[in-house]
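User: I have a structure open and would like to go through it with you. Can we start with the pockets?

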Amino acid sequence: MMKGAPPVGVLEQLEPGIRRILAPNPSPMTYWGTNTYVVGEGQVAVIDPGPDEPAHLQAILDGLLPGEEVSHILVTHAHLDHSPLARPLSEATGAPVLAYGDALAGRSEVMTDLVAGGLTSGGEGVDAGFRPDETLADGERIHGDGWQLDTIWTPGHFANHLCFAFADAVFTADHVMGWASSLVSPPDGDLTAFMASCRKLAARSDRIYYPGHGTPVADPAARITWLITHRLGRETQILDTLALGPGTVSSLTKAIYTDTPAALIPAARRNVFAHLIDLTTRGLTRAEPGLSEAADFSLT
């Protein structure tokens, strides 16, 4: 087991009203695995049931206290490590599945146009068949037995991404994590939306973040500041490189990611393209003959 990881399949108390159970899906993209959270006592909410793993489903059910029932199943976003177990858990408990929408909900016009032009997913594991029983809007309040959660729509990592606020604790899923920066890979990821969502969270005064992977984030303000600064730094690198002359996604990636292992270069290209979409949308760069992965980019 990864050092510091909690035991797999064990429902642990993190603070009053919040428990966590780790799914058995460690990987370079999921760290030690997906954190499934249980909120409340008696009639509880389950946040991000996780991957379609029967053992994890059984561990969630077995981990509940005698007489406890699941009243709500909340999904932060439609990636395969977060949403597929929602339907089996619903069938086992009778609880409805709530989310912002299906895997396409919230997608921007820019990303929709790129998909129409042939852009495909970068292979980050979209749960294309995900359908909630009930859709949630930004700023909606969900009431349970002695608990309430407020929705915060945070597109960027994924268009239908929601965070859930439990008083001054926020379940941030993959938007904010302590062990890594969030992946933003078009067309499912949208950097313009990601930065806006970061600033939306930065305007709050939360005590702690409970992410979808890894340990709790004890200093939310510092982590949000780091994420914003990190992205702005990458933006500056791209603009500085383009100041030397026009470039493509591939040439810019090669110039900027000089020490990156070959296996990670495809993800790096996606990241550069995410920035170029954002920069072009904001009028700081132009894409010829039009915005696409194959375009030639230059400063305006």
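Analyst: Yes. The largest pocket is lined by 35 residues. Nearest its centre are Pro-28, Met-29, Ser-181, Leu-183 and Ala-267. Keep in mind that this is a predicted model.

User: What volume does the largest pocket have?

Analyst: The volume of the largest pocket is about 960 Å³.

User: And which helices supply at least two residues each of its lining?

Analyst: Helix H5 (220-242) and helix H7 (265-281) each do. H7 gives the largest share of that lining, with five residues.

User: What about closed cavities, how many of 30 Å³ or more turn up?

Analyst: A search of the whole structure finds one. The largest cavity has a volume of about 30 Å³.

User: Which residues line the largest cavity?

Analyst: His-79, Glu-124, His-157, Leu-183, Val-184, Ser-185, Asp-188 and Gly-189. Leu-183 also appears among the residues nearest the centre of the largest pocket.

User: Back to the helices. Which residues of H6 are buried?

Analyst: In helix H6 (residues 249-256), the buried residues are Val-249, Leu-252, Thr-253 and Ile-256. They sit on the same side of H6, because they cover an arc of only 100° around the axis.

User: Why would that spacing put residues on one side?

Analyst: An α-helix has 3.6 residues a turn, so residues three or four places apart point the same way.

User: What do the buried residues of H6 pack against?

Analyst: They pack against H5, H7 and strand S14 (296-299). H5 and H7 are also the helices that each supply at least two residues of the pocket lining.

User: Now H1. Which residues are buried there?

Analyst: His-56, Leu-57, Ala-59 and Ile-60 are buried in helix H1 (residues 54-63). Seen down the axis of H1, the buried residues fall within an arc of 165°, so they line one face of the helix.

User: Which residues are exposed on the other side of H1?

Analyst: Pro-54, Ala-55 and Asp-62 are exposed there.

User: And what does the buried face of H1 pack against?

Analyst: The buried residues of H1 pack against three strands and a helix: strand S2 (18-22), strand S3 (35-39), strand S4 (43-47) and helix H2 (86-93).

User: Different topic. How many aromatic pairs does the structure hold?

Analyst: The structure holds six aromatic pairs. One of them is Tyr-37 with Phe-171, a tilted pair at 5.0 Å centre to centre and 55° between the planes. Tyr-37 is in strand S3 and Phe-171 in strand S11 (residues 169-173), so the pair links distant parts of the chain, 134 residues apart.

User: Are those two rings buried or exposed?

Analyst: Tyr-37 is buried, with a relative accessible area of 2%. Phe-171 counts as buried too, at 1% relative accessibility.

User: Which aromatic pair does Tyr-37 form with another Tyr?

Analyst: Tyr-37 forms a tilted pair with Tyr-210, 5.9 Å centre to centre and 55° between the planes. This pair also links distant parts of the chain, with Tyr-210 in strand S12 (residues 208-211), 173 residues from Tyr-37. Tyr-210 counts as buried because its relative accessibility is 3%, and the cut-off for buried is under 20%.

User: Which residues form an aromatic cluster?

Analyst: Tyr-31, Trp-32 and Trp-179 form one aromatic cluster.

User: Last one. What lies over the face of Phe-194?

Analyst: Arg-231 does, at 5.4 Å from the ring centre.

Key:
Residues numbered from 1 in each chain as written. Predicted model: local features only at pLDDT ≥ 70, side-chain atom pairs only at ≥ 80, totals over all residues. Heavy atoms only, no water. Buried < 20%, exposed > 50% of the residue type's maximum accessible area, 1.4 Å probe, protein only. Helix = DSSP H or I, 4+ residues; strand = E, 2+ residues; numbered from the N terminus. Arc of directions from axis to C-beta. Contact = heavy atoms within 4.5 Å. Phe/Tyr/Trp six-rings, centres within 6.5 Å; stacked < 30°, edge-to-face > 60°. Lys NZ or Arg CZ within 6 Å of the ring centre and 35° of its normal. 1 Å grid on protein atoms, 1.4 Å probe; cavity = no way out; pocket = protein on both sides within 12 Å on 5 of 7 lines; lining within 4 Å. Points joined across faces, edges and corners; volume = space filled by probe spheres on them.
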